[in-house]
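Me: Can you walk me through this one? I'd like to chat about it piece by piece.

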Amino acid sequence: MIYDIRHVTTYEYENPVSFARCTLRLEPRSGDGQELISHRVEIRPRPAERTVRRDFFGALTESIVIEAAHRNLRIDSRSRVSVSRQPPARDAASPPWESVRDIAFEATSLGPASPVGYVFASPLVPVLRPVSTYAAESFPPGTGILKGAVDLMHRIRTQFRYDPKATVISTPLTEVFDKRHGVCQDFAHVMIAGLRGLGLPAAYVSGYLRTIPPPGQPRLQGADATHAWVSLWCGEKLGWVDFDPTNDLLVGNDHIVLAVGRDFSDVSPVDGIIVGSPKQKLGVAVDVVAVE
Amino acid sequence: MAEGAAEENDKAGRAQAPREGQRRFAQWVRDYRRLPGIPDEFLGPDGAPRAVWSRFFDAFGALAPDEIERRFGMADRHLREAGVTYRAPGDSADRPWSLSHLPLLIGEADWQQLCAGITQRAELLERVLRDIYGESRLVAEGALPAAAIAGSPEYLRPVCGVPPPGGRYLSIYAADVGRGPDGRWWVLGDRTQAPSGAGYALENRLVLSRAFSDLYKSMNVPRVAPFFEAFRDSLRARADRDEPRIGVLTPGSFSETYFEHATLARYLGFLLVEGDDLAVSDNRIHIRTVAGLKRLDVLLRRVDSNSLDPLELDASSHLGVPGLIDVLRKDGVVVANMPGSGVLEARALLGFLPALSRRLLGEELKMPHIATWWCGQRSAREEVLARLDEVAIEGAYRRGVPGLDRAGPVLASELDAGDRQRLVDAINTRGMDYVGQEVVRLSTMPVWEQGQITPRPFVLRVFAAATPDGWAIMPGGFCRIAEQADARAVSMGDGARAADVWIVSDKQVSTATLLPATDKVRIRRIAGVLPSRAADNLFWLGRYLERAEATLRLVRALGSPSGPNKGTAASQQAAERIQRLLVAWGAVSQTSRTAPGRIVAEALQSPDRFGSALSLVRAAQRTATSLRERLSPDAWQVITEMAERLAYEVEDDDSVVSAAELTLQELASLAGLAQENMNRAAGWRFLDIGRRTERAINTMRFTRQFAYDEAGDEDLDILLTLVDCQITYRSRYLLAPILAPVRDLAVLDGYNPRSVAFQVTTLNEHIAALPSLKEHGLIEKPQRLAVALQATLATAEAEKLEVKTLFALEQDLLSLADAIGQHYFPHGPNAARPEKLTGLA
């Protein structure tokens, strides 16, 4: 499947902004059943500096500096990506979760793909006893890791309410968990916190969903914005498997991975600081079209 | 106090018969109640005093008891007057520093062993850091579990693979040590992030060595100055240009150890900077100064790694510099210690260090550390769970036990059944977050309590600085004493009292100071750059002090027996004018106008009125707190005394007036200190600009109030008093006050140092001398306004002045004050700060 992705981020400021320094992570990843064909980012006003590097997690990271006074910032990212994934069946056999936990913990690498980097609390995902206890219900001793994770994902999908108005980026995990509502990012964080509470390696994935579903299928939740889901390391054989708790499904060819990290703070597509305007209005428009 | 005077004191104290001293010493030894089963620094296992302590107490005992108390009082007074403070977490105000009066003594041979252990450890940790953030071979080859690193919030992924600019991770390292039951020094914890305490150690040494200068000299205690000198030189050498600019990065005056940051900055000759003072430009860090952006080469940071850069680390931090990590990638600034160094403070790592030492250094560790079991490993976890009541449980990566809402280590035996079970469950599911540590009872040292000595446990922090010639160890350190006699090693994170640490040598020691050798020094007359924030604070310090003076003059005029308020209708009206001014300034409340007796007291010392003299002096004190490294100790002392005096409740008008008088004298002496003692660099100018601006505004306002068109004798008389021109007027005119000459003297007379014209002329001189930040070749706004004002005042005629002209001039002065703020302090409280972009895109 090949997708054309348009991801436009706009900021409107109440007062002129004299200086902006931003970090962009807008290039979809290559690898794991996904191939980047082309990618281009247009920025207005045009930056005085643009430098590009790969961050720790392997994402192409662009640092920009804008020195011209401006009231609008527009970041227009276009990508073409081909996707070909075969997720395991929901009821596929998998090793007991305890053994996966123990193997993950023994990893001898600090690299971005090493599961050991994803078993600890991270800036936006604390390890909390109530969340761990909640997750543990899906993982009785000896349960296959896939079975446990599918069950947890399903419970989050059915017990939490999708409500874009309920939370903002700074809403703490405890509140999301207590009130049982939020958006894709919150659900991903809750699932990650629960898995890590059991000592399992869980990563945060940001990305896109196709906007128009294939004929005969319902439109998925979160298709008009950037999306987020969970990647769980399921042992040497299965490797990293992606779970979308917002839609209760194992990630296949309708998802396009943008970046992977420990939580949202590692993968934020547009981040930065500005000088001059405390008031700002953010707009994000995402359009994902299947071209073949 | 001068060194010579201290020596005189010692001689006076020595007049006591030596035999008397020996008797006292023997008594102290008899009364010293050692803790059973715990080693002691003072008494050996045989119950006899150790040699170094005998030497000390021989001399100490020769001082008469009241002399000892006098010396201790002197030390305490010095600490108070120098304003040595710290702030405990959660405190809203600074606490005075509490110094134990007896130093910790360490014999030289013992110390050398300790130094060897610390040096080896510092070197080992540097190499481990290099590996963790570099090739990561230790992890790949199984010498170090990846999880022991990955679990630390101080493992900074953004700096992985970034070589530390300047070539090192650790520039300064500290170890907390204590003496274990076996008589050896044990490492209790490593400080690799931004160790605090060196500045306090310095202050402790200054105080104690002055109070007991004779004793100090006789013990041959090596000085700490050469250590700081070596540290400073090595930071300088690490920059990539000569004469580098170095800053101490502080979180700000609310930080618990802000005093220390200021002390270090002043002592080492570095700039004290906050994140807001810095900006990234051209892949380098710059400091915002009154002369524009200036490059900063080295940052000695006292801000934790995660707060250093909101773009790549903790996004909510306001303490750092957006883009700092990117500058590190481009080798544009040296940061000491390198961000990410704090990863080695994780207790999870302790158990692996002996093997790492063999592997990386080919040596056994010279110093043992407190036995630690990391529960991430199955065997260690089982051991800890089996011996749960014998060990202390602590977080593996940072202080605090995850899952239990408690700071510091916990003893399972002290938990209730529910918490205990929760802890066991947590260790079973996420063991990697916990360590068990052996509970060691540390040795005790003598502290002075009511004429006796008594044993207390302590922890010693030893500092090591990386120099081109290897590690330099501070001879001495930062010693914290536990308040309870039976504190266990692990629960002693924060002693309430500190002690100086004397390394006692048999040989004479050199008397190096921090004055550099003359052949290395380039002559300089201007003291570096002035950060905009410091200029802003100086400006406001000047304004607060001047405003306090004006308020005190009003209080004095209103309260003095010869003043108004006490007789005729005219004087009653004048009194009401003063009251109105005080109300307008926020010095008294509206309601107290009905109770005249309370007005002066309220204007003098009401803490609830922002315009009272007390509030203004406190505002000056707060501002001065942020300028600690730039103010002389004398100036700080005067400000503190004023604030204390004004807070002392007064009963009647007379005492109000005399408190006002005394405070006015202190303000005058403060002005004198600034005038005579402050370097004539930009800093002094901003202090004076603040004073002059405020004085011009106040004088104009007084003139408007008391030299109005129909003003009578009483009014004009008050004005002359308020602007301190009685004598000048009488010597010139030999007449009762007349409107035009009084207005001329107060506003226009350029020869009168209290007149508005004089202030404006001085302001013009200052502005002309300041660095110019010309935009497009045009005259800058402050100068434009000041020159125009000066011209108006120079050409005005007293007879033709109208009240509305006076009012217009007052408005012009206020505009000038604003223009100065906007021009020189563009990132002051009113200016734009960086804002985060809204997330979730």
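What follows is a back-and-forth on confidence, the interface, the sheets, a helix pair and some odd backbone spots.

Me: First off, what kind of model is it?
Reply: It's a predicted model. For the complex, the predictor gives an ipTM of 0.94 and a pTM of 0.86.

Me: And chain B on its own, what's the average pLDDT?
Reply: Chain B averages a pLDDT of 86, and 89% of its residues score at least 70. One stretch below 50 is residues 1–15 of chain B, which has 14 contacts in the model beyond near neighbours in sequence. Residues 489–493 of chain B also sit below 50, and that stretch has 19 such contacts.

Me: OK, interface. How many residues are in contact between chains A and B?
Reply: On the chain A side there are 37, and they are in contact with 34 residues of chain B.

Me: Which strands of chain A supply at least two residues each to that side?
Reply: Those are β1 (2–17), β2 (19–24), β14 (270–275) and β15 (280–290) of chain A. β14(A) gives the most, with six residues.

Me: How does that side of chain A split into nonpolar, polar and charged?
Reply: You get 20 nonpolar, 14 polar and three charged residues on the side of chain A that touches chain B.

Me: Switching to sheets in chain B. What's the strand order in the open sheet of three strands?
Reply: The order is β8-β9-β10 in chain B, with antiparallel pairing. β8 (278–281) and β10 (292–296) of chain B are the edge strands, and each pairs on one side only. On average, neighbouring strands in this sheet are turned by 45° against each other, ignoring direction.

Me: How many bridges hold β9(B) and β10(B) in register?
Reply: There are five bridges between β9 (residues 284–289) and β10 of chain B, in the antiparallel sense. As for who faces whom, B:T289 stands opposite B:G292 in β10(B).

Me: And the open sheet of four strands, what's the order there?
Reply: That one runs β13-β16-β14-β15 in chain B, again as an open sheet with antiparallel pairing.

Me: Why do β13(B) and β15(B) each have one side without a neighbour?
Reply: Because β13 (372–374) and β15 (410–411) of chain B stand at the edges, each with a single partner strand, one side of each is left without a neighbour in the sheet. β13(B) pairs with β16 (residues 434–438) of chain B over three bridges, in the antiparallel sense. Within that pairing, B:W374 has B:V435 as its bridge partner in β16(B).

Me: Which helix packs on that sheet?
Reply: Helix α14 (residues 378–386) of chain B does, touching β13, β14 (391–395) and β16 of chain B. The direction of α14(B) makes about 120° with that of β13(B).

Me: What about β18(B) and β19(B), what do they form?
Reply: They form a hairpin with two residues between them. β18 (residues 452–467) and β19 (residues 470–473) of chain B pair in the antiparallel sense over four bridges. One of the matched pairs is B:A464 with B:I473 in β19(B).

Me: Now helices. How do α16(B) and α21(B) cross?
Reply: The axes of α16 (residues 532–559) and α21 (residues 653–677) of chain B come within 9 Å and cross at roughly 150°. With the cut-off for roughly antiparallel at over 145 degrees, α16(B) and α21(B) are therefore roughly antiparallel to each other. The crossing is left-handed.

Me: Which residues meet there?
Reply: From α16(B), residues including B:L545, B:A548, B:L552 and B:V555 meet α21(B) residues, among them B:V656, B:A660, B:L664 and B:L667. By class, the contact of α16(B) with α21(B) has 10 nonpolar, two polar and four charged residues.

Me: Last topic, backbone oddities. Where are the cis peptide bonds you'd flag?
Reply: One joins A:R44 and A:P45, with omega about -5°. A:P45 lies in the loop between β3 (34–44) and β4 (49–54) of chain A. Another goes from B:A336 to B:N337, with omega near -10°. B:N337 is in the loop between β12 (334–336) and α13 (353–361) of chain B.

Me: What phi does B:S136 have?
Reply: A positive one, about 60°, although B:S136 is not a glycine. B:S136 sits in the loop between α5 (108–133) and α6 (137–140) of chain B.

Me: Why flag these at all?
Reply: Because most residues other than glycine have a negative phi, and most peptide bonds are trans.

Notes
Residues numbered from 1 in each chain as written. Chains lettered and ligands numbered in written order. Predicted model: local features only at pLDDT ≥ 70, side-chain atom pairs only at ≥ 80, totals over all residues. Contact = placed C-beta atoms within 7 Å. Nonpolar A, V, L, I, M, F, W, Y, C, P; charged D, E, K, R; others polar. pLDDT = per-residue confidence, 0-100. Pairing = 2+ DSSP bridges. Axes fitted to C-alpha atoms, helices over the stretch in contact; angles between N-to-C directions. Parallel < 35°, antiparallel > 145°, perpendicular 65-115°, else oblique. Left-handed = near helix turned anticlockwise from the far one by under 90°.
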